[in-house]
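Here is a set of short questions and answers on how the labels for this structure are earned. Take a look first.

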Amino acid sequence: ARAADPGQYIQVGAPLVTIVDLSAVELQANAPASAAGVLRAGQPVTVTVDGLEGRSFDGEVMRINPVAAEGTRTIPVYIRIDNEDGVLLGGMFATGSVVTEQVEAALAVPTEALREDAEGVHVLRIADGTLERAAVETGGAWSGGLTRIDAGLSAGDRVITAPLAELSPGDAVTLVEE
């Protein structure tokens with residue numbers, strides 16, 4: 001940025017120009033206050049930038065503001081991203097994803113597949129051409145609209161993943177293989 005025009009008189013100590021080093025950029029992101037307990041400096045971040053579809057950038061959480069932003073219930077998080085090719089510029093809009101927990105060989109279903117009644121959370125499992133109620137224990141929400149299943153299903157179980165309210169346990173179903 002240029003703060004003075006050619007020929008302009010300026011005062012002593014007044015800025016003339018601002019030079020920005022774009023070899024690395026800092027993303028200021030706002031995380032929900034509920035994430036304060038799981039975010040920490042040094043965590044890797046995957047960043048996607050509006051207008052640069054199909055590309056993602058690797059970053060790192062550098063620091064987390066100790067105070068939530070007033071009136072927002074969000075905590076400012078500062079992420080450093082290497083910008084070797086210079087494609088990232090100040091003022092761009094970006095979204096960051098941080099892996100806060102990793103579970104090996106876990107089962108997950110779309111959150112819409114979960115149903116709840118007086119007996120608890122369950123899914124509709126397809127067994128021998130009929131739907132059966134399968135009580136499940138959930139372990140938390142994942143990105144992409146998935147919910148981890150800690151108990152109640154096994155690998156290979158087929159469940160109804162769409163929120164089809166007209167289906168209920170005991171209904172006959174026909175599977176169509178593609």
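A pocket is an open set of grid points with protein on both sides within 12 Å along at least five of seven lines. The model is predicted.

Q: What is the volume of the second largest pocket?
A: The second largest pocket has a volume of about 250 Å³. Of the 19 residues in its lining, the closest to its centre are Ala29, Asn30, Ala31, Leu39 and Gly96. E1, strand E4 (74–82) and E5 each give two or more residues to that lining. E1 gives the most, with six.

Q: What classes of residue make up the lining of the second largest pocket?
A: The lining has 13 nonpolar, six polar and no charged residues.

Q: How much space lies in the largest pocket?
A: About 460 Å³ lies there. It is lined by 13 residues, and Val98, Thr100, Ala141, Trp142 and Ser143 are the closest to its centre. Strand E10 (137–142) gives the most to this lining, with four residues. The lining divides into five nonpolar, seven polar and one charged.

Q: What makes arginine 63 and glutamate 26 a salt bridge?
A: The cut-off is a side-chain nitrogen of Lys or Arg within 4 Å of a carboxyl oxygen of Asp or Glu. The closest N and O atoms of arginine 63 and glutamate 26 are 2.8 Å apart, so the pair meets the cut-off. The two residues sit in distant parts of the chain, arginine 63 in strand E3 and glutamate 26 in strand E1, 37 residues apart.

Q: Why is arginine 148 called buried or exposed?
A: Buried means under 20% relative accessible area. Arginine 148 has 9%, so arginine 148 counts as buried. Its salt-bridge partner is aspartate 150, at 2.8 Å from N to O. Aspartate 150 has 46%, which lies between the two cut-offs of 20% and 50%, so aspartate 150 is partly exposed.

Q: How do you know which label fits arginine 80 and aspartate 82?
A: Partly exposed covers the range between 20% and 50%. Arginine 80 has 39%, so it is partly exposed. Aspartate 82 has 42%, so aspartate 82 is partly exposed. The two form a salt bridge, with the closest N and O atoms 2.5 Å apart.

Q: Why can isoleucine 10 belong to a surface patch?
A: A patch residue needs over 30% relative accessible area. Isoleucine 10 has 39%, so isoleucine 10 passes that cut-off. Ile10, Leu16, Val17 and Ile19 form the nonpolar patch, with about 410 Å² of accessible area together.

How values were computed: Residues numbered from 1 in each chain as written. Predicted model: local features only at pLDDT ≥ 70, side-chain atom pairs only at ≥ 80, totals over all residues. Heavy atoms only, no water. Patch = residues over 30% accessible without salt bridge, like charges linked within 9 Å, V, L, I, M, F, W, Y side chains within 5 Å. Areas by Shrake-Rupley, 256 points an atom, 1.4 Å probe, with all protein chains shown as cover. Buried < 20%, exposed > 50% of the residue type's maximum accessible area, 1.4 Å probe, protein only. 1 Å grid on protein atoms, 1.4 Å probe; cavity = no way out; pocket = protein on both sides within 12 Å on 5 of 7 lines; lining within 4 Å. Points joined across faces, edges and corners; volume = space filled by probe spheres on them. Nonpolar A, V, L, I, M, F, W, Y, C, P; charged D, E, K, R; others polar.
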